[in-house]
Amino acid sequence: MTDMTKFEFLQQLYDHLSSLPPSERDDIVADFEEHFQVGEEQGKTEEQICTELGNPYACALQYLRGTGGTNTSAPQAAAQNTAAVQPPYPQKTAASPRPQNAAPAPHINERRNKTLWKVVFFISLVCAIGAYPAACGLMLIPLALIVSAFFLIPAVPGGAMVGFLISLGVLCFTGGLLLFLVMTWLLRLSFRRSGL
Amino acid sequence: MNTQFKKGVLELCVLSLLKQGDKYGYELADSVGKKIDISEGSIYPLLKRLRAEGYFEVYLKESPTGPARKYYRLTSKGVEMQAHLEGEWREFTQSVSAFIGGDAT
């Protein structure tokens, strides 16, 4: 955490604030940009300022909970976050009693969204175990067709078979590639949105 | 020092600093960070919350060296809150001091 650059800090802060409205998000990041600006004018390095600011995730969490400076410290917050992943029905944790100072509604929504994305992530993770080998298999089918074509074509009369094999191969390859890309996209998206 | 304890008094520190005059975010974070061992980043969420609760207002002011800075100014509600917290703090520290000194039983 100590060797972070200004860009990394702001990026992480921005990412963790994804559930806030864009204007509010920009406003918060602008505050920190100003902090870096002034700090650099006073001769501090980006790394030094980052160290003083602390963990961007901890900062973001304080904004999300609407409890600036009065509530959790970073390690506890991180522990709570990972703990929420464990139970099979994590939606329940969103309804757990928790002291809230301001704007409770968007904050609960934010938590529920995150838990929903976590569920999506784990489901797609399980699916991926089957989907990736299937995708690889599909993409390898054209190879198998080419090999078998060497032996088959002399035996089968006419060019009809060749056209059929080529289109089958292309179809399988495209299907496999599509499955691979969709799976990867879903995993990435749900991983980011869940804030894991 | 205990982290929870420090965070609780941050509010009083920030309000007291602003009572002396308008300041921008970095000044507040820097002043507090120098005296109290805390992540300076936690000042900004606090500033945002206190502003939302109406304890201070913000305005932009040009700086001689760079872009305009966001200044914080205490509202009358903020002045009241500062006095209230200061009173609580004095009362609390007096009680604790009494325990430490062995005067209270």
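These are my notebook entries on a predicted model with two chains, A and B.

**Entry 1: getting my bearings**

I began by listing the elements of each chain. Chain A has 8 helices and 0 strands, so to speak an α-α-α-α-α-α-α-α run from the N terminus on. Chain B mixes the two kinds, with 4 helices and 3 strands. Read from the N terminus, chain B goes α-β-α-α-β-β-α.

Next I looked up burial. In chain A, 22% of the 196 residues count as buried. In chain B, buried residues make up 30% of the 105 residues.

I also looked at how far along the sequence the contacts reach. I took contacts between residues at least 6 apart in sequence, and in chain A 71% of them join residues at least 24 apart. For chain B the matching figure is 49%.

**Entry 2: the sheet in chain B**

I turned to the strands. In what order do the 3 strands of the open sheet lie? I found β1-β3-β2 in chain B, with antiparallel pairing. The edge strands are β1 (23-24) and β2 (56-61) of chain B, and each of them pairs on one side only.

Then I counted bridges. β2(B) and β3(B) run antiparallel and are joined by 6 bridges. Among the residue pairs I noted, B:Leu60 has B:Lys70 in β3(B) as its bridge partner, and B:Glu57 has B:Arg73 in β3(B). On the other side, 2 bridges join β1(B) to β3(B), again antiparallel. Here B:Tyr24 is matched with B:Tyr71 of β3(B).

**Entry 3: a helix that is mostly hidden**

Is α3(B) largely enclosed or largely open? I checked its residues, and 8 of the 10 are buried, so α3(B) is largely enclosed by the rest of the structure. The buried ones are B:Ile43, B:Tyr44, B:Pro45, B:Leu46, B:Leu47, B:Lys48, B:Arg49 and B:Leu50. I was pleased to spot a lysine and an arginine in that list. After the helix comes B:Gly54, and its phi is positive, near 85 degrees.

**Entry 4: where the chains touch**

I then looked at the contact between the chains. On one side are 25 residues of chain B, and on the other are 23 residues of chain A. On the chain B side, the elements that give two or more residues are α1 (3-19), α2 (25-35), α3 (43-52) and β3 (69-74). Which of these gives the most? It is α3(B), with 7 residues. Sorted by class, the chain B side holds 9 nonpolar, 9 polar and 7 charged residues.

**Entry 5: the core**

In soluble globular proteins, nonpolar side chains tend to be buried together. With that in mind I looked for the largest nonpolar core, and it has 36 residues. The residues with the most contacts inside this core are A:Ala60, B:Val14, B:Val32, B:Ile43 and B:Leu47. Both chains feed into it: α1, α2 (22-41), α3 (46-53) and α4 of chain A, together with α1, α2, α3 and β3 of chain B, each give two or more residues. The largest share, 6 residues, comes from α4(A).

I picked B:Val14 for a further look. Leaving out residues up to four places away in sequence, B:Val14 touches B:Leu28, B:Val32, B:Ile43, B:Leu46, B:Leu47 and B:Leu50.

**Entry 6: two helices of chain A**

I looked up how α1 (residues 6-16) and α4 (residues 56-65) of chain A pack. Their angle is about 35 degrees and their axes are 9 Å apart. The crossing of α1(A) and α4(A) is right-handed. From α1(A), A:Phe9, A:Gln12, A:Leu13 and A:His16 meet A:Pro56, A:Tyr57, A:Cys59 and A:Ala60 of α4(A). By class, the residues of this contact are 6 nonpolar, 2 polar and no charged.

**Entry 7: one residue, A:Leu53**

I ended with a leucine in helix α3 of chain A, A:Leu53. Why does A:Leu53 count as buried? The cut-off is 20 or more other C-beta atoms within 10 Å, and A:Leu53 has 26, so it is buried.

Which residues does A:Leu53 meet, apart from neighbours within four places in sequence? I found A:Phe9, B:Ser39, B:Glu40 and B:Gly41, so to say partners from chain A and from chain B. A:Phe9 and A:Leu53 are 44 residues apart in sequence, and 9.4 Å separates them in space, C-alpha to C-alpha.

Note on methods
Residues numbered from 1 in each chain as written. Chains lettered and ligands numbered in written order. Predicted model: local features only at pLDDT ≥ 70, side-chain atom pairs only at ≥ 80, totals over all residues. Contact = placed C-beta atoms within 7 Å. Nonpolar A, V, L, I, M, F, W, Y, C, P; charged D, E, K, R; others polar. Axes fitted to C-alpha atoms, helices over the stretch in contact; angles between N-to-C directions. Left-handed = near helix turned anticlockwise from the far one by under 90°. Core = buried A, V, L, I, M, F, W, Y, C linked by C-beta atoms within 7 Å. Buried ≥ 20, exposed ≤ 12 C-beta atoms within 10 Å, placed from the backbone. Pairing = 2+ DSSP bridges.
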